[in-house]
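Thanks for coming, everyone. I'll walk you through one structure today. Please have the viewer open.

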Amino acid sequence: MFCFQCQEAAGGKGCSRVGVCGKKPETAGLQDTLIYTLKGISYLIEKGKAAGVEIRYADDFVMDSLFMTITNANFDDSRFVERIKEALKIRNDIKEMLISKDVSFDETLDVLVWTGNTVEEIKAKGKNEKVGVLATENEDIRSLRELITYGVKGLAAYAHHAYNLGEKSKEIFDFMHKALAALLDDTLSIDDLVALTLETGKYGVDTMALLDKANTSKYGNPEITEVNIGVNDRPAILISGHDLHDLEELLIQTENTGVDVYTHCEMLPAHYYPAFKKYPHFIGNYGNAWWKQNEEFESFNGPILMTTNCIVPPKGEVVNRIFTTGAAGYPGCKHIEAVDGKKDFSEIIELAKTLPAPTEIETGKIVGGFAHAQVFALADKVVDAVKSGAIKKFFVMAGCDGRMKSRDYYREFAEKLPKDTVILTAGCAKYRYNKLNLGDIGGIPRILDAGQCNDSYSLAVIALKLKEVFELEDVNELPIAYNIAWYEQKAVIVLLALLYLGVKNIHLGPTLPAFLSPNVAKVLVDTFGIGGIGTVEDDIEMFLS
Ligand code: SF4
Ligand code: SF3
């Protein structure tokens, strides 16, 4: 195996024996094979499109499959084998259809001809070095191809959530196919791939906007909310991941059953939506970011529903209490599929009734709900505070959390920021500092949490609004600094989206991506002023100078 798609890539280079995340070589091979086969499908779709033949029926299959390969989303080999079988069938059907319509394409390409007639054959394909990351020999081309792949994976994840709420976009699917097909094209130059990288960012913005529309039109605009972090004494289900539609179905099905519902990690921002406040059994948030789940799932006592990443390989009996749905999966955990568009969570609810209530691990409240509409509602106050000098600078500290010790940097950074600064956050990165008491500035909390990582879109909308209010030419003239923590591929699409919007001088940590070759990193530094992080003191001084 070789995988370097996340921030925890072994030795800052890549995982080659087993993933730091727990991904086994066989799973890595299957994920590579699935991505490889998707490229073939998208290549055919592109050929059809060029010849005036529109093929739409693989759109959601490609989207969902990309999502399954995101870090910590799915560890279940049997699901990948089934997916690959299905991908091969879709590929063959499209091939036949194009041939019947006299659409020409390169029929000798391995992505189009390889067969996976048996499970052994499918598993063997993933060991073939022509399938994975290292198949591209030129390290700069490889770097850009992977940067685009990871951006498209993140984009697919967000598109999937919007899709579950009935919002989809032909243009986003078209771009997904265009990008995947381009990854097979050996004639593309470095410049072509850099351009495609930026275009990925454009579609990242569009996809996050679509998801924002899906979430807010269905569940209302997030509003300032105090979220309880303590527990009740009734049995309960913990829901994690990013899918709000799954949460809604769970809340409806648990009504009047005597079973409560709590959020974990990236599901916390669900509490900010008006639509979910009407459920009295939706109690609060339990625990912290994804990487603490082994101990927190243990003390939660009840069943856990993982709707997306991030899954940490469970230890001991807890595996029997974890259920997965959507793109998520783990061997030994029961997976709940939608049947006719509905998911039946009754098995989880019945299990919850037999288990003790959660053990309290903390008490108190955290405050959030500062997505664009809520911040706009406070705009006058915010603008006055900036004009009067009460707020000197905003720090966008969105992104991901992770288990590396070096991420203590973000807590310390938040703690040491001067009192006239405000943190804008989104994603699970906030768990490093969202329980600190950083106070407020004239009633404006010093940590404004917009929501999940996709709600980084809100932070961009807020920045663009401030640019308008202050009548500035360029978003970079605003008193906003970007110190972003990344971990997986959703953070990659958020980064590309910010670059597309023209945001410069973003600092990325705790380490720069292993998949950036020195030359590609140089392009990002020279063109966009991307930087890493240093010590807390030096960085605060640098940002404030
Ligand atoms: Fe390693 Fe990250 Fe890939 Fe897991 S996802 S195998 S930790 S690089
Ligand atoms: Fe977190 Fe996995 Fe990225 Fe959605 S849950 S931000 S790491």
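Let's start with Glu471. Glu471 sits in the loop between helix H15 (456–469) and strand S16 (480–485). Keep in mind that this is a predicted model. Glu471 is not a glycine, yet its phi is positive, at about 50°. Why does that deserve a look? Because most residues other than glycine have a negative phi. Is Glu471 buried or exposed? Exposed, with a relative accessible area of 72%.

Asp340 is another case. Its phi is near 50°, again positive in a residue other than glycine. Find Asp340 in the loop between strand S8 (338–339) and strand S9 (342–343). Asp340 counts as exposed, at 79% relative accessibility.

Now the backbone at two peptide bonds. A cis bond joins Asn309 and Cys310, with omega about 10°. Cys310 is in the loop between strand S5 (304–306) and strand S6 (322–325). The bond from Gly509 to Pro510 is cis too, and omega there is near 5°. Pro510 belongs to the loop between S17 and H17.

Hold on to Asn309 and Cys310, please. Both are among the residues around ligand 2. The others are His242, Cys265, Glu266, Trp290, Cys400, Cys428, Cys453, Tyr487 and Glu488. How does that shell divide into nonpolar, polar and charged? It has 7 nonpolar, 2 polar and 2 charged residues. Where does ligand 2 lie? Domain 2 (225–353) and domain 3 (383–544) both give residues to the shell, so ligand 2 lies between them.

Next, aromatics. The count comes to 20 aromatic pairs. Take Tyr150 and Phe515. Their ring centres are 4.9 Å apart and their planes are at 70°; edge-to-face means over 60 degrees, so this pair qualifies. Tyr150 lies in helix H6 (residues 139–164). Phe515 lies in the loop between strand S17 (507–509) and helix H17 (518–528). The two are 365 residues apart in sequence, so the pair ties together distant stretches of the chain. Tyr150 and Phe515 are both buried.

A second pair is Phe413 with Phe543. Here the centres are 5.9 Å apart and the planes are at 85°, so this pair is edge-to-face as well. Phe413 is in helix H14 (residues 408–416), and Phe543 is in helix H18 (residues 536–544). They link distant parts of the chain, 130 residues apart. Phe413 and Phe543 are both buried.

Back to Tyr150 and Phe515 for a moment. They form one aromatic cluster with Phe2, Phe4 and Trp486.

Rings also meet charges in this model. The charged end of Lys202 sits over the ring of Tyr203, 4.5 Å from its centre. Lys465 does likewise with Phe376: its charged end is over the ring, 5.4 Å from the centre.

Now look at H17. Which residues of H17 are buried? Val520, Ala521, Leu524 and Phe528. Seen down the axis of H17, these fall within an arc of 105°, so they line one face of the helix. On the other side of H17, Pro518 and Asp526 are exposed.

Last stop, Ile239. This residue is in strand S2 (residues 236–240). Ile239 is buried, with a relative accessible area of 0%. From its C-alpha atom to that of His372, the separation is 25 Å. Along the chain, Ile239 and His372 are 133 residues apart.

That's my tour. Over to you.

Note on methods. Residues are numbered from 1 along each chain as its sequence is written. Chains are lettered from A and ligands numbered from 1 in the order in which they are written. This is a predicted model: local features need pLDDT of at least 70, side-chain atom pairs count only at pLDDT 80 or more; totals for chains, interfaces and linings use all residues. Side-chain values use heavy atoms; hydrogens and water are left out. Rings of Phe, Tyr and Trp (its six-membered ring) pair if their centres lie within 6.5 Å; planes under 30 degrees apart count as stacked, over 60 as edge-to-face and the rest as tilted. Helices (H or I, at least four residues) and strands (E, at least two) are DSSP runs, numbered from the N terminus. Buried means under 20% relative accessible area, exposed over 50%, partly exposed in between (1.4 Å probe, protein chains only). A charge sits over a ring if NZ of Lys or CZ of Arg is within 6 Å of the ring centre and within 35 degrees of the ring normal. A residue is near a molecule or strand if one of its heavy atoms lies within 4 Å of it. Ala, Val, Leu, Ile, Met, Phe, Trp, Tyr, Cys and Pro count as nonpolar, Asp, Glu, Lys and Arg as charged, and the others, Gly among them, as polar. Domain bounds come from an automatic or database domain assignment. The arc is that of the directions from the helix axis to the C-beta atoms.
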